[in-house]
Amino acid sequence: MGSPVDARAENAWLPSYPFWDAYFAIVLIATIITIVVDDGAPVAVILLLLITVSYALWGRKAVRAPIAPTKEGWWHAAAMIVLFTAADLLAPQSAVALSALIPMAFMALRRARAVAVMVAMFAGPAIQFMAENGSHPLLIAVAIVVGLSASTLLGVFIDRLGRQNTERARLIAELDRTREELAEVSKEAGMLAERERLAGDIHDTLAQGFASIVMLLQAAGDGHDPYVRRAMETAKDNLSETRALIAALAPPALEGASLEEALGRLAKGFELPVEVSVAGAADVPALVAEALVRAAQEGLANVRKHARARSVRLALEHVPGLAVRMSIIDDGCGFDPSTGGGDGYGLRVMRNRVTRLGGTVRITGSPGQGSTLAVELPCSG
């Protein structure tokens with residue numbers, strides 16, 4: 001809704017404006033034909049055509065505006081009152097145009113102000129009626145009461161249509177958002193299921209195969225043969241890589257565990273010493289916790305593959321009600337930022353996941369000074 005200072009409101013008629021142009025044109029043409037066929041008052045026709053000019057200059061923009069009222073709406077309303085009243089006094093058949101002008105007032109101004117414009121526009125036909133039927137006080141009173149009542153009822157009806165249109169538009173927008181969220185959740189669930197399937201397949205094939213090769217080479221017992229020794233080292237390295245890949249693909253161990261406990265498990269299972277520190281305490285949404293565990297998996301995997309570090313520090317900091325921050329700091333070889341370090345596939349996936357949740361990922365480092373992965377995600381405390 002708009003600011004209470006200018007009392008503006010969302011334009012409930014905005015979704016219907018493509019059809020409104022045609023309706024307005026049909027009503028105006030029908031009114032002009034009625035006037036021409038009846039008595040052919042040319043000035044009244046000209047005045048109605050001037051309303052069309054006003055609509056082209058200001059009214060169409062006011063009807064299309066997402067927020068009402070606008071200054072164009074006020075200008076067009078004033079033009080409608082003056083031009084229609086004059087046309088109706090010259091040719092009573094001009095009252096046919098009210099079927100388009102009254103709804104237009106509600107589309108451009110909204111509610112109370114539109115009712116005032118409507119009453120002003122009904123004044124012309126009321127004056128014409130009294131001029132033709134005398135000025136008896138009782139007749140005048142009846143005309144005023146009937147005119148005001150009809151105006152009020154019509155205003156209430158049109159305003160109710162506007163409210164229903166607003167509610168319908170809100171529900172449609174909410175439905176669209178819900179469908180997008182469900183599609184995203186479904187996509188994420190499918191990705192997680194596929195990752196878990198791949199992890200199981202890799203474990204049952206490659207990991208088991210490398211483990212068998214290592215056992216067979218150990219059973220051969222000829223540790224002095226350089227080819228056997230090289231084959232065993234290669235098999236062990238590939239087994240280690242395969243297990244790391246399985247760990248990265250497997251779902252994070254969050255079932256029944258807090259974020260801190262899940263990160264502790266990752267640190268405990270890592271081949272290098274990992275110092276874990278936690279500052280503050282807060283409830284972290286499940287999606288945020290999962291994203292952080294995934295980021296920690298990827299960060300530790302990169303340390304193992306590239307950093308040649310001796311130790312790692314994993315720091316988790318809660319900012320109650322605002323965000324949760326996680327940093328992975330290693331004492332390894334670092335990298336030269338000018339070479340584009342930190343742009344690997346796994347890091348791109350991490351960035352996409354964190355960005356979808358409204359968070360940020362920063363990777364800093366320098367040659368020989370280690371590197372730092374910093375992830376920040378918003379959460380409710």
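# A walk through the predicted model

His76 is found in helix 3, which spans residues 71-90, and this residue is a convenient place to enter the structure, which is a predicted model. With a relative accessible area of 1%, His76 is buried, because the cut-off for that class is under 20% relative accessible area. Its side chain is joined to the side chain of Ser54 by a polar contact of 2.7 Å. When neighbours within four places in sequence are left aside, the residues in contact with His76 are Ile51, Ser54, Tyr55, Trp58, Gly59 and Met104.

Several of those names lead to the next feature, the packing of two helices. Helix 2, made of residues 42-64, and helix 4, made of residues 98-108, pack at an angle of about 35°, and their axes are 10 Å apart. The crossing of helix 2 and helix 4 is left-handed. On the side of helix 2 the contact is made by Ile51, Tyr55, Ala62 and Val63, while helix 4 contributes Leu101, Met104, Met107 and Ala108. Sorted by class, the contact of helix 2 with helix 4 holds 8 nonpolar residues, with no polar and no charged residues. Ile51 and Tyr55 of helix 2, together with Met104 of helix 4, take part in this packing, and Ile51, Tyr55 and Met104 are also among the residues that His76 touches.

Helix 4 deserves a look of its own, since it is mostly covered, with 10 of its 11 residues buried. The buried residues of helix 4 are Leu98, Ala100, Leu101, Ile102, Pro103, Met104, Ala105, Phe106, Met107 and Ala108. This list includes Leu101, Met104, Met107 and Ala108, which are the residues that helix 4 brings to its contact with helix 2.

Turning back towards the start of the chain, one meets Ile35, which lies in helix 1, residues 17-38. Ile35 counts as buried, at 0% relative accessibility. Not counting residues up to four places away in sequence, Ile35 touches Gly40, Ala41, Ala44, Val45, Leu48, Ala91, Gln93 and Ser94. Ile35 and Val96 are 61 residues apart in sequence, and the distance between them is 9.7 Å from C-alpha to C-alpha.

Further along the chain is Ala207, a residue of helix 6, which covers residues 137-220. Ala207 counts as buried at 8% relative accessibility. Leaving aside neighbours within four places in sequence, Ala207 is in contact with Ile202, Leu239, Thr242 and Ile246. For one of these partners, Leu239, the separation from Ala207 is 32 residues in sequence and 5.8 Å in space, C-alpha to C-alpha.

The loop between helix 9, residues 286-307, and strand 4, residues 312-319, holds Arg308. Arg308 is exposed, with a relative accessible area of 67%, and its phi is near 50°, a positive value in a residue other than glycine. Most residues other than glycine have a negative phi. Arg310 has its place in the loop between helix 9 and strand 4 as well, and Arg310 is exposed too, with a relative accessible area of 64%. Apart from its neighbours within four places in sequence, Arg310 is in contact with Leu272, Pro273 and Asp331. The C-alpha atoms of Arg310 and Asp330, which are 20 residues apart along the chain, are separated by 7.8 Å.

Val354 is found in helix 10, residues 345-356, and counts as buried at 1% relative accessibility. Once residues up to four places away in sequence are set aside, Val354 touches Gly359, Thr360, Val361, Val375, Glu376 and Leu377. Val354 and Arg294 are 60 residues apart in sequence and 9.8 Å apart in space, again from C-alpha to C-alpha.

Two cysteines may also interest a bench reader. Cys333 is partly exposed, with a relative accessible area of 24%, whereas Cys379 counts as buried at 10% relative accessibility. A search of the whole structure finds 0 disulfides.

These local views can be set against the chain as a whole. The protein chain has 10 helices and 7 strands, and buried residues make up 36% of its 381 residues. Among contacts in the protein chain between residues at least 6 apart in sequence, 72% join residues at least 24 apart.

Technical notes
Residues numbered from 1 in each chain as written. Predicted model: local features only at pLDDT ≥ 70, side-chain atom pairs only at ≥ 80, totals over all residues. Heavy atoms only, no water. Axes fitted to C-alpha atoms, helices over the stretch in contact; angles between N-to-C directions. Helix = DSSP H or I, 4+ residues; strand = E, 2+ residues; numbered from the N terminus. Left-handed = near helix turned anticlockwise from the far one by under 90°. Contact = heavy atoms within 4.5 Å. Nonpolar A, V, L, I, M, F, W, Y, C, P; charged D, E, K, R; others polar. Disulfide = S-S within 2.5 Å. Buried < 20%, exposed > 50% of the residue type's maximum accessible area, 1.4 Å probe, protein only. Polar contact = N/O pair within 3.5 Å; in protein donor to acceptor, adjacent residues only side chain to side chain.
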